[in-house]
Amino acid sequence: MFEISWKEIVTVGMVLFAVIDIVGSIPIIVNLRVKHGHIESEKASLVAGLIMIVFLFVGEEFLSLVGIDVNSFAVAGSFVLFFLALEMILGIHLYRDEEASSASIVPLAFPLIAGAGSMTTLLSLKSQYHTVNIIIAILLNIILVYGVLKSSSKLEKMLGKNGLSVIRKAFGVILLAIAVKLFAGNVKGLFA
């Protein structure tokens, strides 16, 4: 049960890093900080990590309890990623939460960091790797997420407005591709 394997940790960590895509989310983080004035890095990181670890253990049971299969959850998550990608590429604003005083929990911790993509990925990783290695990989990714959130204003100054715009559009296309792949890989399961 407690077979710690650095190879598994690195593999799972890299998969989660790609799905969470915190570097690609820098433009979104900067935009949220501009809108809300302050992002609580510690709170967002802790909540996202907690959501992922809890979902790792009870995700499938929770989904079946509410009558949702993993494929439906993944397809729904692909739509969320799709609209986030459209916002990044086209410069439009679909998500509006006027009453929130902080963006630390929604949309940052959930669904941006611990979203449908990372949750679906966790469920598929659970069938292939030891749970302890997945937890370590989650924690390592959350430390990285915290570092990026904490230094988002420095990264914004370093990249500049044009640099952020280029990164936003480039990662928007990547996020769109991930959304399409997530949709295509799971939509068949809805009709099986």
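This passage walks through two helices, two empty spaces and a few single residues in a predicted model.

Helix H7 is a good place to start. It runs over residues 131-150, so to speak a stretch of 20 residues, and covers 28 Å from its first C-alpha to its last, close to the 28 Å expected at 1.5 Å a residue. Part of H7 is tucked away from the outside: Val132, Asn133, Ile134, Ala137, Ile138, Asn141, Ile142, Val145, Val148 and Leu149 are its buried residues. These buried residues have plenty of company, packing against H1 (6-20), H2 (26-36), H3 (41-65), H5 (104-113), H6 (116-126) and H8 (152-190).

One point of contact with H7 can be followed at the level of a single residue. Ser45 sits in helix H3, and with a relative accessible area of 4% it counts as buried. Once neighbours within four places in sequence are set aside, the contacts of Ser45 are Ile142, Val145, Tyr146 and Leu149. Among these, Ile142, Val145 and Leu149 also appear in the list of buried residues of H7.

Helix H8 tells another story. A straight helix of 39 residues would span 57 Å at 1.5 Å a residue, yet H8 spans only 39 Å between its end C-alpha atoms. H8 also has a kink of about 100°, and the kink is centred on Gly160. The buried residues in H8 are Ser152, Leu155, Leu164, Gly172, Leu175, Ala179, Leu182 and Asn186. Their cover includes H2, H4 (70-90), H6 and H7.

H8 turns up again around the empty spaces in the model. The second largest pocket has a volume of about 260 Å³, and its lining is made up of Ala18, Val19, Leu81, Gly117, Thr120, Thr121, Ser124, Ile178, Lys181, Leu182, Gly185 and Asn186. Two or more of these lining residues come from each of H1, H6 and H8. H8 gives the most, with five residues. Sorted by class, the lining of this pocket has five nonpolar, six polar and one charged residues.

There is enclosed space as well. The structure holds one cavity of 30 Å³ or more, and the largest cavity contains about 150 Å³ of space. It is lined by 18 residues, of which Val19, Ile20, Leu81, Leu112 and Leu175 are the closest to its centre. At least two lining residues come from each of H1, H4, H5, H6 and H8. By class, the lining of the largest cavity has 12 nonpolar, five polar and one charged residues. Val19 and Leu81 are also found in the lining of the second largest pocket, while Leu175 is one of the buried residues of H8.

Two more residues deserve a look. Leu108 belongs to helix H5 and is buried, with a relative accessible area of 0%. Leu108 and Asn71 are 37 residues apart in sequence, and their C-alpha atoms lie 24 Å apart in space. Asp21, for its part, is in the loop between H1 and H2. Its phi is near 50°, a positive value in a residue other than glycine. Asp21 counts as buried because its relative accessibility of 13% falls under the 20% cut-off.

Conventions:
Residues are numbered from 1 along each chain as its sequence is written. This is a predicted model: local features need pLDDT of at least 70, side-chain atom pairs count only at pLDDT 80 or more; totals for chains, interfaces and linings use all residues. Side-chain values use heavy atoms; hydrogens and water are left out. Helices (H or I, at least four residues) and strands (E, at least two) are DSSP runs, numbered from the N terminus. The expected span of a helix is 1.5 Å times one less than its number of residues. Buried means under 20% relative accessible area, exposed over 50%, partly exposed in between (1.4 Å probe, protein chains only). Contact means heavy atoms within 4.5 Å. On a 1 Å grid over the protein atoms alone, a cavity is a set of points where a 1.4 Å probe fits but cannot get out, and a pocket is an open set with protein on both sides within 12 Å along at least five of seven lines; lining residues have an atom within 4 Å of a point. Grid points are joined across faces, edges and corners, and a volume is the space filled by probe spheres set on the points. Ala, Val, Leu, Ile, Met, Phe, Trp, Tyr, Cys and Pro count as nonpolar, Asp, Glu, Lys and Arg as charged, and the others, Gly among them, as polar. The bend at a residue is the angle between axes fitted to the seven residues ending there and the seven starting there.
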